[in-house]
Amino acid sequence: MKFLPLVPDGQTPVRVLTIAGTDSGGGAGIQADSRTMALCGVHACVAVAAVTVQNSVGVSGFHEIPPQVVADQVRAVVGDIGVGAAKTGMLASTAIIESVAAVCQEVGIGRDRTPLVVDPVAASMHGDPLLHEEALDAVRHTLIPLATVVTPNLDEVRLITGIEVTDDASARRAAQALHKLGAQWAIVKGGHLRSSEVSTDLLFDGDRFLEFTAPRISTGNDHGGGDTLAAAIACALANGYSVPDAVEFAKDWTYRCLAASYDLGAGHGPVSPLWRLSRT
């Protein structure tokens, strides 16, 4: 695959900010974002929005960080270090979403400014809620309009748009609905469409549909796959890639991470970017 460039030792690498929740089991959330960013040669900055209590079996609780503290983390990082792209993950509540949206506008993150990848995390892969139900309106009308690209999974597509994706036609309707909410580009990911022999992600910019397809890997160890894809897109955008090229890179990256996934605990193991360590 085509790798992102690595800077020489001692030279400051590209910086990417993740605004998301932690995963105490290390498989998803900020932990997954940071692993992908590091192995893509990017310096990861973080703004913690929530702390989850979870392992490979599920999420048993979470604690929200005060919205002002979340915003202050973003402000502190961007004002001093600067970032080439940012991504969001678990934001938990309307107040946090609104605070993040306001500070992103303040510091120049979103759409045609510093690229913003919005991963509208609403529930864990086990079905455990990670977003208060009333916060969906804030996702639709406050967060998604700032997105350079929005990357929901099929459950999140249904929650946000009301469209149940079952085939290519419904995936296209969902992409159009997401774009209509204000995202510059919208992805409808096919990884959860288990009936298909391949995994096809559909990208739409209001004018054209682009498809990115990979063979389906039969594994239950796919924890953190959505975070990994969104983080890889952000890394590529920070390196100056166009959105289609960034999605192509991220699709291949995530496929390889799925192929390298491993067992962990009694439930779902994580996708793994550690395969990158054996490549030159």
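Colleague: Leaving aside its neighbours within four places in sequence, which residues is Val243 in contact with?

Modeller: This is a predicted model, numbered from 1 along each chain as its sequence is written, in which local features need pLDDT of at least 70, side-chain atom pairs count only at pLDDT 80 or more, and totals for chains, interfaces and linings use all residues. Side-chain values use heavy atoms, with hydrogens and water left out. Val243 has its place in helix α8 (residues 243-259), helices being DSSP runs of H or I with at least four residues and strands runs of E with at least two, numbered from the N terminus. With contact meaning heavy atoms within 4.5 Å, the partners of Val243 are Thr148, Val149, Trp185, Leu203 and Leu237.

Colleague: Is Val243 buried or exposed?

Modeller: The scale calls a residue buried under 20% relative accessible area, exposed over 50% and partly exposed in between, using a 1.4 Å probe and protein chains only. Val243 has 9% relative accessibility, so it counts as buried.

Colleague: And how far is Val243 from Thr228?

Modeller: Along the chain, these two residues are 15 residues apart. In space, the separation of their C-alpha atoms is 16 Å.

Colleague: Let's turn to Ile217. Which residues does it contact, leaving aside neighbours within four places in sequence?

Modeller: Ile217 sits in the loop between β9 and α7 (225-238), and its 25% relative accessibility makes it partly exposed. From Val198 it is 19 residues away in sequence and 8.4 Å away in space, C-alpha to C-alpha. Its contacts are Tyr255, Leu258 and Ala259.

Colleague: In what order do the strands of the sheet stand?

Modeller: The sheet is open, has 9 strands and shows mixed pairing, where two strands pair if DSSP finds at least two bridges between them. The order is β3-β2-β1-β4-β5-β6-β7-β8-β9.

Colleague: Which strands stand at the edges?

Modeller: Look for strands with a single partner: one side of each is then left without a neighbour in the sheet. These edge strands are β3 (59-64) and β9 (209-215).

Colleague: Why is strand β1 described as largely enclosed by the rest of the structure?

Modeller: Strand β1 covers residues 15-21. It is largely enclosed because the number of its 7 residues that are buried is 6.

Colleague: Over how many bridges does β1 pair with strand β2?

Modeller: Strand β2 covers residues 43-54, and its pairing with β1 is parallel. Arg15 has His43 as its bridge partner, while Val16 is matched with Ala44. The bridges between β1 and β2 number 7.

Colleague: What is the handedness of the β-α-β crossover from β1 to β2?

Modeller: The chain leaves β1, passes through helix α1 (residues 29-39) and arrives at β2. Picture the strands pointing away from you: a path from the first strand over the helix to the second that runs clockwise defines the right-handed case. This crossover is right-handed.

Colleague: Which residue of β4 stands opposite Thr18?

Modeller: Strand β4 (residues 85-88) also pairs with β1, in the parallel sense and over 4 bridges. Opposite Thr18 stands Lys87.

Colleague: Which residues have the most contacts inside the largest nonpolar core?

Modeller: A nonpolar core is a set of buried Ala, Val, Leu, Ile, Met, Phe, Trp, Tyr and Cys residues joined through side-chain atoms within 4.5 Å. The largest one has 57 residues, and helix α3 (residues 94-107) gives the most to it, with 6 residues. Those with the most contacts inside it are Leu17, Ile19 and Val188.

Colleague: How many residues are in the other core, the one that includes Ala85?

Modeller: This core lies apart from the largest one, and Ala238, Val243 and Ala250 are also among its members. Its residues number 33.

Colleague: Which elements do the buried residues of helix α4 pack against?

Modeller: Helix α4 spans residues 136-143, and its buried residues are Leu136, Ala138, Val139, Arg140 and Leu143. They pack against β4, α3, β5 (116-118) and α5 (154-161).

Colleague: What phi does Ala92 have?

Modeller: Most residues other than glycine have a negative phi. Ala92, in the loop between β4 and α3, is buried at 0% relative accessibility. Although Ala92 is not a glycine, its phi is positive, at about 70 degrees.

Colleague: And what phi does Arg111 have?

Modeller: Arg111 lies in the loop between α3 and β5, and at 31% relative accessibility it counts as partly exposed. It is not a glycine either, yet its phi is positive, at about 50 degrees.
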